[in-house]
Amino acid sequence: QVHLVESGGGLVQAGGSLGLSCSASANILIFVAMGWYRQAPGKQRELVATVTRGGDTNYVDSVKGRFTISRDHTKNTLYLQMNSLKPEDTAVYYCHGESFGTPRNIDHWGQGTQVTVSS
């Protein structure tokens, strides 16, 4: 199991910015894809952004144009830059990595970091 540790969460006012980091205990190129998910109180965990091993990115519509996912394999770190934050972005943000496995791929999760956006 690869350990993923998020950092960078906190409290910010609406319109502000935060940057999240996810440090992996192994070379992140082992992952087929990595991503950020979030879970708000009383809601299901939802996908925020993903990046494949090949570098393709995908975002949930609600964050397009505001959030940017990136990675640095030399530092084994995944990032999420969040700009123009809204109160509805408040959630616990989780780092995720999917590695190859049989009969199915393996999911790796971080412990989560709280992001709170005040209005």
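Hi everyone. Let me begin with a working definition: two strands count as a pair if DSSP finds at least two bridges between them. Keep that in mind, and please remember throughout that what you see above is a predicted model.

So, an example of a bridge. Isoleucine 69 has leucine 80, in strand E8, as its bridge partner. Right beside that, serine 70 is bridged to tyrosine 79, again in E8. How many bridges join E7 to E8? There are 6, and the two strands run antiparallel. E8 covers residues 77–82. Between the strands of this hairpin sit 4 residues, and asparagine 76 takes a positive phi near 50°.

Now let's step back to the sheet. It is an open sheet of 4 strands in the order E1-E3-E8-E7, with antiparallel pairing. Which strands stand at the edges? They are E1, residues 4–7, and E7, residues 67–72. Each has a single partner strand, so one side of each is left without a neighbour in the sheet. From one strand to the next, the twist averages 15°.

Let's stay with edge strand E1 for a moment, since glutamate 6 has its place there. Is glutamate 6 buried or exposed? It is buried, yet it has no salt bridge. The nearest side chain of opposite charge belongs to arginine 45, and that is 7.6 Å away. For a salt bridge, the cut-off is a side-chain nitrogen of Lys or Arg within 4 Å of a carboxyl oxygen.

What does the side chain of glutamate 6 reach, then? One answer is the backbone nitrogen of cysteine 95, at 2.7 Å. Another backbone nitrogen, that of glycine 112, lies 2.9 Å from a polar atom of the glutamate 6 side chain. If we set aside neighbours within four places in sequence, the contacts of glutamate 6 include Ser21, Cys22, Trp36, Tyr93 and Tyr94. Gln111 and Thr113 are also among them.

My last stop is threonine 52, in strand E5, which spans residues 46–52. Its relative accessibility is 27%, so threonine 52 counts as partly exposed. Which residues does threonine 52 touch, not counting those up to four places away in sequence? They are Val32, Ala33 and Arg71. Arg71 brings us back to E7, the edge strand of residues 67–72. And if you'd like a sense of distance, the C-alpha atoms of threonine 52 and valine 115 are separated by 24 Å, with the two residues 63 apart along the chain.

That's my tour. Thanks for listening!

Definitions and conventions
Residues are numbered from 1 along each chain as its sequence is written. This is a predicted model: local features need pLDDT of at least 70, side-chain atom pairs count only at pLDDT 80 or more; totals for chains, interfaces and linings use all residues. Side-chain values use heavy atoms; hydrogens and water are left out. Axes are lines fitted to C-alpha atoms, for helices over the stretch in contact, and angles run from 0 to 180 degrees between N-to-C directions. Buried means under 20% relative accessible area, exposed over 50%, partly exposed in between (1.4 Å probe, protein chains only). Lys and Arg count as positive and Asp and Glu as negative; His and the chain ends are not counted. A polar contact is a pair of N or O atoms within 3.5 Å; within protein, one must be able to donate a hydrogen and the other to accept it, and residues adjacent in sequence count only if both atoms are side-chain atoms. Contact means heavy atoms within 4.5 Å.
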